[in-house]
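User: I've got a new model open and would like to talk through how its inside is put together. Can we go step by step?

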Amino acid sequence: MMDEGLFQENERLTPQAGSRHVTGLGPFELESGARLENADLAWESWGTLNESRDNAVLICHALSGDSHAAGWWSRMVGPGRAIDPAEHFILCSNVLGGCQGSTGPGTLDSDGVRLGSRFPFPSIGDMVRAQAILLDRLSIPRLRMAAGGSMGGMQVLEWAVRFPDRLDRAWVTASCGAHSPMQIGFNETARQAVLRDPKWRGGDFP
């Protein structure tokens, strides 16, 4: 039975208590050559995985998103919507580096200090490989679809290139395979606004 409370309009941006899970991926080597000794991915799901385990849909979030796709993509995900939990097992993970339950700069080291600027930069490929390991942990061999917009769409494109044998359909919106000079300029302006904030402290703050 679908818990309709997960889709209440007045709670659509807030995960329900107990709805988020965290799965350990073990040691994880990034494409940069950096290594995380223990990486975790936080995730949420809606719907039921069928016996043949072939009705899974992976939602990939944008830069500012998290695992709660039923909130930030409520127009697309939910009962009677395009991605319906009555038909699909809907899965959304917070990306590696996302800090909303997944390992990232906000993660504490063994001394209880946030990793901060010591956390290595993950690539889109790293994010997708981490998702693939999560699917392995959940015994999901193949996706009915991966869907996402913006940075989420870039992950979906990476899924199509890197794991075509594990993906039936790709839904990409408001995204691209590479940034234009204008996009690079706008993004650099946004980064500089953060870096020049005195409270940024080089990325190392409580």
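User: In which helix is the place of Met-151?

Analyst: Keep in mind that this is a predicted model. Residues 151-162 form one helix, and Met-151 belongs to that run. The helix you want is H3.

User: Is Met-151 buried or exposed?

Analyst: Its contacts beyond four places in sequence are His-61, Ala-62, Leu-63, Val-95, Ile-124 and Met-127. The C-alpha atom of Met-151 also sits 7.9 Å from that of Cys-60, 91 residues apart along the chain. Buried means under 20% relative accessible area. Met-151 has 12%, so it counts as buried.

User: Which helix supplies the largest share of the largest nonpolar core?

Analyst: That core has 29 residues, and Leu-91 and Trp-159 are among those touching the most other members. Strands E1, E2, E3 and E4 and helices H2 and H3 each supply at least two residues. The largest share, 5 residues, comes from H2.

User: Gln-131 is in helix H2 too. Which side chain does the side chain of Gln-131 join in a polar contact of 2.8 Å?

Analyst: Gln-131 has a relative accessible area of 2%, so this polar residue is buried. Leaving aside neighbours within four places in sequence, its contacts include Leu-41, Leu-58, Cys-60 and Gln-155. The 2.8 Å polar contact, though, goes to the side chain of Trp-159.

Definitions and conventions:
Residues numbered from 1 in each chain as written. Predicted model: local features only at pLDDT ≥ 70, side-chain atom pairs only at ≥ 80, totals over all residues. Heavy atoms only, no water. Helix = DSSP H or I, 4+ residues; strand = E, 2+ residues; numbered from the N terminus. Buried < 20%, exposed > 50% of the residue type's maximum accessible area, 1.4 Å probe, protein only. Contact = heavy atoms within 4.5 Å. Core = buried A, V, L, I, M, F, W, Y, C linked by side-chain atoms within 4.5 Å. Polar contact = N/O pair within 3.5 Å; in protein donor to acceptor, adjacent residues only side chain to side chain.
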